[in-house]
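Please work through the following exercises with the sequence and the structure at hand. Each task is followed by a worked solution.

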Amino acid sequence: MVIPCLNEAGSIEACVRDAWKALTDGGYAGEVIVVDNDSDDASAELAEAAGAHVVHEYRRGYGSAYLAGFAAAQGEYIVMADADLTYDFSDIPRFIEQLRDGGQLVVGDRMDNIQPGVMPWLQR
């Protein structure tokens, strides 16, 4: 699991806990990697305290954070999610099963979990 993170101190601990719970409940060995993208809050420390392997990527940007996380990942499959609690981490086992069944790419839809005003229309 790779989670890019920029100033998400309010949600990163819950994301890490939810990711670990999904892996454990699904019976999967795995890792939760949080890529701290030069946060100026306590995101990295909170993620580490929650059990994540924290990678620091000082070049800001979503792409840079993901590339650093991919480079650190050691599993057979990589599941990606944001650190803002808009993903349902309990879906992780469904993603993994699709990959094990031969899927090369599995894409989820988080729009049902988006609260009004959180994501501007142009980013949808």
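The exercises below concern a predicted model and treat strands and a helix in turn.

**Exercise 1.** Determine which strands pair with β2, and in which sense.

*Solution.* Begin with strand β1 (residues 2–5), which pairs with β2 in the parallel sense over four bridges. In this pairing, Pro4 stands opposite Val35 of β2. Next, take strand β3 (residues 53–56): β2 and β3 run parallel and are joined by four bridges. Here Ile33 has His53 of β3 opposite.

**Exercise 2.** Establish the handedness of the unit formed by β1, α1 and β2, and of the unit formed by β2, α2 and β3.

*Solution.* The path from β1 through α1 to β2 makes a right-handed β-α-β unit. Continuing from β2, helix α2 (residues 43–49) and β3 complete a β-α-β unit that is right-handed.

**Exercise 3.** Which way do the side chains of strand β2 (residues 33–36) point, and are they buried or exposed?

*Solution.* In a regular strand, side chains alternate between the two faces of the sheet. In β2, Ile33 and Val35 point one way, whereas Val34 and Asp36 point the other way. All four names fall under the 20% cut-off for relative accessible area, and are thus buried.

**Exercise 4.** Identify the buried residues of helix α4 (residues 92–100) and explain their arrangement.

*Solution.* The buried residues are Ile92, Pro93, Ile96 and Leu99. They lie on the same side of α4 because they cover an arc of only 120° around the axis. Their cover includes α1 (12–25). Finally, just after α4, Gly102 adopts a positive phi of about 110°.

Key. Residues are numbered from 1 along each chain as its sequence is written. This is a predicted model: local features need pLDDT of at least 70, side-chain atom pairs count only at pLDDT 80 or more; totals for chains, interfaces and linings use all residues. Side-chain values use heavy atoms; hydrogens and water are left out. Buried means under 20% relative accessible area, exposed over 50%, partly exposed in between (1.4 Å probe, protein chains only). Helices (H or I, at least four residues) and strands (E, at least two) are DSSP runs, numbered from the N terminus. The arc is that of the directions from the helix axis to the C-beta atoms. Contact means heavy atoms within 4.5 Å. Two strands pair if DSSP finds at least two bridges between them. A crossover is right-handed if, with the strands pointing away from the viewer, the path from the first strand over the helix to the second runs clockwise.
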